[in-house]
Amino acid sequence: MLRKEDPRFLRGKGHYLDDVQLPGMLHLAILRSPVAHARIVSIDTSAAEAHPKVKAVVTGETLAGLGLAWMPTLSNDVQAVLATDKVRFQGQEVAFVVAEDRYAARDALELIDVEYDMLQPVIDVRTALADDAPVIRDDLEGKTNNHCFDWETGDAAATEAAFARADVVVSQDIVYPRVHPAPMETCGSVADYDRIDGRLTLWSTSQAPHAHRTLYAIVAGLPEHKIRVISPDIGGGFGNKVPIYPGYVCSIVGSIVTGKPVKWMEDRSENLVSTGFARDYVMRGEIAATRDGKILAIRTNVLADHGAFNGTAAPVKYPAGFFGVFTGSYDIEAAYCHMTAVYTNKAPGGVAYACSFRITEAVYLVERIVDCLALELAMDPVALRIKNFIQPDQFPYTTKTGWVYDSGDYEPTMREAMRIAGYDELRREQAEKRERGELMGIGVAFFTEAVGAGPRKDMDILGLGMADGCELRVHPTGKAVVRLSVQSQGQGHETTFAQIVAEEIGIPPADIDVVHGDTDQTPFGLGTYGSRSTPVSGAAAALVARKVRDKARIIASGMLEVSVADLDWDKGSFHVKGDPTKAVTIQEIAMRAHGAGDLPDGVEGGLEAQICYNPENLTYPHGAYICVVDIDPGTAQVKVRRFIAVDDCGTRINPMIIEGQVHGGLTDGVGMALMEIIAFDEDGNCLGGSLMDYLIPTALEVPDWETGFTVTPSPHHPIGAKGVGESATVGSPPAIVNAVIDALQPYGVRHADMPLTPSRVWDAMQGNATPP
Ligand code: CDP
């Protein structure tokens, strides 16, 4: 089925945040810190206030007076809305101007005079905990260092014992650099506060409108029912639009102060420099195995850079997200991870960029270290993986770090990828090319993701359980509206959720409207990220439709004058068992439900239902990826020649949409593996502040993707579907890096850190794999 939203999007008729125009609307611009770490001595706003088009200038001091200078982050930290005492990263919000137009607001920023007393910045995560490191978060009472949190999982002693018994131990330092989701549409909001009835309407680029509303209610002290958050069409989120940014709060304050609607829209550099980054893990991976390639244990130590404020969005119990799945797809005896997270003078974030809460980092770690082991053992990387896969009869499988994988059948997925790739032929080609001095690499990665956060008993964000509401209303003429708590950012929810409901109640998808992204119009739920929409809200949509169908069955039994047990369902109609001519369609039932005729005893009129779905477990999609690269030995430029992706996301709702999700994720993977990094100089200047410096991939850098699939349904999801939106972003970077390292075997390279730009590959070829 083609996407229902295509006519709108393909004709440029999407309605994005910057399309929102309200009568009398003012424009807000934010003054940002040019330096990474400094004490604010004074701020002089008088010249800006005198600008003829300026309506308000607000500083941290003004906000402090209103009790709004600090806001909670989604990780139980606090973040400055506008700096009061110090600036803690380059790009931090210092003051804002509200003016008649966007240009005047920007001009007035230049009239604000801030005096900074420079402090030494903390940039290197490895030295952030040094005794003499300046304390970044001296706003936190009693804080004497830059420690953010410690976290561990697994069994240290059992892992130590397995390592002691192993024939082979391999360890490798691995960095997953700081990258940015860089959605095509930057972040923004339009706030409209009505002073008369105290209602706030906020259009914002939010992946989680309900959660944001609750937070605004808590922060601003406004009653929740008087706040309406609307996420219009969103031009890509990828995790970047999960956090609450100071800009959103500023627009609310701006509207309260001026009594007018106020729009704030970031430019590209503001988005790259100040909003939620991803990754930034410095990891040491260790793997222990027998000489014949049985993996015994995996151990890892991680140093996590969380920037100046811990803005990570992760369930409370999981400060390191779902990094605990670092044991991958392998049946091992023991595992252990210790992580230390620190504050640095960099933008806050740690968002799950197209992945389920740090799974990308976990998969990268395990898939790199398994490849290092394959090299050490001189084993084919596919054979090593297959030898260690969790077997189909072991599911549900509890990992050594406590995750219960719901279902999986890994070897057929791996073999399908090998079949599409022509794996043996590729190895022959590679051997021939090596003879001739050509650098061809074949990289393999196999991943298991954990998506669909999550069971309420284990998962909440700031105390809000991760269950999803869903409402379905069938109108008298048999057309339906389904209301979701999740929020599409381009994933095609208007199509796939209509398909899910259609499958259950037999109303054509074209007759089912999907409503989302408006807290006044939809039931409560925690939003879209971590590929949770299909596992959680998709299940809710199927179950609410079944609830409606159950009621329809009772009404049909009255219409056909038989008992409910004597009815068969035919996708769209009920008929009397054994006599298909005695039937009523769902549309006829809908009319009867709303009509004047009698309904069976105890049945209320109308045909609608609502539920709140609490998932029993996460879903665990998996996939096998094979990448083929060629490297120019003269320039060290990597070309991804082929990429084979076989994904298993259980029941597939819309194959075309899945294909699109996979293509996007694979393209992301090429970016992260070969091009993208948010780097800083020693003063804390962000070196990736524009798309001239932060390179994102285009069609030119990527091959024609070759995709395939297997289907292993989730046993606990009502239609067996698992999430897929982020699988390809998770699985592709290790496949690409493994391919590059494989190509560099003639140079004896075992590892090099992303992004594998020509200069880094060249360095690796010269024996210097770890860049400064
Ligand atoms: O939460 P998010 O929408 O980003 O991720 P998702 O649940 O994996 O879904 C991404 C898109 O793929 C949605 O339109 C899904 O309905 C669709 N999908 C599908 O057609 N079949 C699946 N088994 C999983 C997702």
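Colleague: Which residue of β13 is the bridge partner of W203?

Modeller: Glad to start there, but note that this is a predicted model: local features need pLDDT of at least 70, side-chain atom pairs count only at pLDDT 80 or more, and totals for chains, interfaces and linings use all residues. Residues are numbered from 1 along each chain as its sequence is written, and side-chain values use heavy atoms, leaving out hydrogens and water. Strands (DSSP runs of E, at least two residues) and helices (H or I, at least four) are numbered from the N terminus, and two strands pair if DSSP finds at least two bridges between them. β12 and β13 pair in the parallel sense over four bridges, and in β13 the partner of W203 is I230.

Colleague: By what angle are neighbouring strands of this sheet turned against each other on average?

Modeller: The sheet is open, with mixed pairing and seven strands in the order β3-β7-β1-β14-β11-β12-β13. Its edges are β3 (54–59) and β13 (227–230), each pairing on one side only. With axes as lines fitted to C-alpha atoms (for helices over the stretch in contact) and angles between N-to-C directions running from 0 to 180 degrees, the average turn between neighbours, direction ignored, is 20°.

Colleague: What angle does the direction of helix α7 make with that of β11?

Modeller: Two helices pack on this sheet, so let me take them in turn. Helix α4 (residues 102–109) touches β1, β3, β7 and β14, at about 25° to β1; contact here means heavy atoms within 4.5 Å. Helix α7 (residues 246–258) touches β1, β3, β7, β11, β12 and β14, and its direction makes with that of β11 an angle of about 30°.

Colleague: And within the hairpin of β11 and β12, which turn residue has a positive phi?

Modeller: β11 pairs with β12 (residues 199–204) in the antiparallel sense over six bridges. S189 stands opposite S204 there. Four residues separate the two strands, and the one with a positive phi of about 70° is G198.

Colleague: How many of the seven residues of β11 are buried?

Modeller: On another side, β11 pairs antiparallel with β14 (residues 262–265) over four bridges, with A191 partnered by V262. Buried means under 20% relative accessible area, exposed over 50% and partly exposed in between, using a 1.4 Å probe and protein chains only. By that cut-off, β11 (residues 188–194) is mostly covered, and its count of buried residues is five.

Colleague: Why is H210 called buried?

Modeller: H210 lies in helix α6 (residues 209–220) and touches, among others, S485, T519 and F524. Its side chain reaches the backbone oxygen of P523 at 2.9 Å; such a polar contact is a pair of N or O atoms within 3.5 Å, where within protein one must be able to donate a hydrogen and the other to accept it, and sequence neighbours count only if both atoms are side-chain atoms. H210 is called buried because its relative accessible area is 2%.

Colleague: Which residue's backbone nitrogen does the side chain of D518 reach?

Modeller: D518 sits in the loop between β25 (512–515) and α14 (533–560). D518 is buried at 9% relative accessible area, and it touches R228, V229 and I230. At 2.9 Å, its side chain reaches the backbone nitrogen of D520.

Colleague: Finally, what percentage of the ligand's area does the protein bury?

Modeller: A polar side-chain atom of H493 lies 2.6 Å from a ligand oxygen, and a backbone N or O atom of V724 is also 2.6 Å from an oxygen atom of the ligand. Taken alone the ligand exposes 520 Å² (Shrake-Rupley, 1.4 Å probe; for residues, only the protein chains shown count as cover). Of that area, the protein buries 99%.

Note on methods
Lists of a residue's contacts leave out its neighbours within four places in sequence.
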